[in-house]
Amino acid sequence: MNDEILRVTDLHTSFFTSMGEVKAVDGVSFTVRKGEILGIVGESGSGKSASMLSVLGLQGKSGRVKSGQVLFDGQDINSLNIQDIRGKRISMIFQDPMTSLNPVLSVGYQLKESLRRHHYDGDIHARAVEMLERVGIVPAEQRLRQYPHEFSGGQRQRIMIAMAMICSPELLIADEPTTALDVTVQAQILALMKDLQRSSGMSVILITHDLGVIAGNADRVLVMYGGHVMEQGTRREIFYSAAHPYTQGLLRSLPNPERPHERLIPIEGQPPDLLNPPKGCPYVKRCPQAMRICLEHKPDALTLSDTHKYSCWLGVKE
């Protein structure tokens, strides 16, 4: 469709370790529309980051995209020069800004690097100053000469946002952009990202394990578990009409501000071992409603509306 910026179909990615093959992404499919924020939520190890790294060909030497199709703006991404795509048309904010920034290079050098790589035809220095000011780091001229260790965690995250957006990408992938930040700084970073997204009209994929972040920022939501998409829908569909037992379990584990003394209900058990994934539904060992068929067969996606789908045997009529 012409309103899609990204379409991922049946993506399979594995990582090959000394212990065996880790099936990190197992048949993931989703779309991102132009100008929207897609939230991807799930526990650690659910395949959120691995899916996005696979899209950009950043899965590393131990990883391999085994099958699947990625269309970016209607074109197969494999037919494009990925080096020209990364940083210019698709940018990514990685989880840890301290390890993503080079400690021996100035912030200004690192900000300008993407502009030089993609042959920016304007004033590179002026663009770097402009982006640092846009993310609220001033005086920009002076701070461009400083090094990452001279900035706080929140400021380094702002620098990562400036680096990701300096080439005006069409799609921004934000992987846990507020991890390890306090609540106040987290709110500032998310507000900044949303403001930049609205002003530029770009699409955003927001990866997080925090449903509260998703509730306040995403237009649509993808719920992942064990390398699979368990459920997807609009924000309202996910938070008010969740159909999959895993999504329901995540929502039950959230604190309710209207009932602060109410006990939270955790999801018992551990995520699946992706070296030896379950034959059937990946959630089967933790699901309180699991049936015999769940052990043996993976469920197909069931459609509840044009935007709402989930994969569970409970919804299959006999």
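Two residues are said to be in contact when heavy atoms of one lie within 4.5 Å of heavy atoms of the other. This report applies that idea to a predicted model, beginning with the whole protein and then turning to one sheet and two threonines.

## The protein as a whole

The protein contains 12 helices and 12 strands. Its radius of gyration is 20 Å, close to the 20 Å that the globule rule gives for 318 residues, and therefore the protein is as compact as a globular protein of that length. Along the principal axes, the C-alpha atoms fill a box of roughly 65 × 50 × 45 Å. Of the 318 residues, 48% count as buried, while the accessible surface comes to about 15900 Å², with 50% of that area belonging to carbon and sulfur atoms. If one takes the contacts between residues at least 6 apart in sequence, 64% of them join residues at least 24 apart.

## An open sheet of four strands

Strands of a sheet pair through backbone hydrogen bonds, and the pairing may be parallel or antiparallel. In this model, one open sheet has four strands in the order E2-E1-E4-E5, and the pairing is antiparallel. Strand E2 (20-33) and strand E5 (75-76) stand at the edges, where each has a single partner strand, so one side of each is left without a neighbour in the sheet. Helix H1 (residues 48-55) packs on this sheet and touches E1, E2 and strand E4 (63-72), and the direction of H1 makes about 110° with that of E1.

The pairs of neighbouring strands are listed below, each with one pair of residues that face each other across the two strands.

| Strand pair | Bridges | A residue pair |
|---|---|---|
| E1 and E2 | 11 | Ser14 and Lys23 of E2 |
| E1 and E4 | eight | Val8 and Val70 of E4 |
| E4 and E5 | two | Phe72 and Gln75 of E5 |

The strands E4 and E5 form a hairpin with two residues between them, and in this hairpin Asp73 takes a positive phi near 55°.

## Thr13, a residue in strand E1

Thr13 is found in strand E1 (residues 4-17). Is Thr13 buried or exposed? Its relative accessible area is 0%, and because buried means under 20%, Thr13 counts as buried. Which residues does Thr13 touch, if residues up to four places away in sequence are not counted? They are Val22, Lys23, Ala24, Val25, Ser54, Arg64, Val65 and Lys66. One of these, Ser54, is also linked to Thr13 by a polar contact of 2.8 Å between the two side chains. Since helix H1 covers residues 48-55, Ser54 belongs to the helix that packs on the sheet.

## Thr178, a residue in a loop

Thr178 has its place in the loop between strand E7 (171-175) and helix H8 (183-200). With a relative accessibility of 8%, Thr178 also counts as buried, because that value is under the 20% cut-off. Leaving out residues up to four places away in sequence, Thr178 touches Gln157, Gln186, Ile189 and Leu190. Among them, Gln186 shares a polar contact of 3.4 Å with Thr178, which joins the two side chains.

Taken together, these two threonines give a simple picture: Thr13 lies in a strand and Thr178 in a loop, yet Thr13 is buried and Thr178 is buried as well.

How values were computed: Residues numbered from 1 in each chain as written. Predicted model: local features only at pLDDT ≥ 70, side-chain atom pairs only at ≥ 80, totals over all residues. Heavy atoms only, no water. Buried < 20%, exposed > 50% of the residue type's maximum accessible area, 1.4 Å probe, protein only. Polar contact = N/O pair within 3.5 Å; in protein donor to acceptor, adjacent residues only side chain to side chain. Pairing = 2+ DSSP bridges. Axes fitted to C-alpha atoms, helices over the stretch in contact; angles between N-to-C directions. Rg over C-alpha atoms; globule rule 2.2 N^0.38 Å. Areas by Shrake-Rupley, 256 points an atom, 1.4 Å probe, with all protein chains shown as cover.
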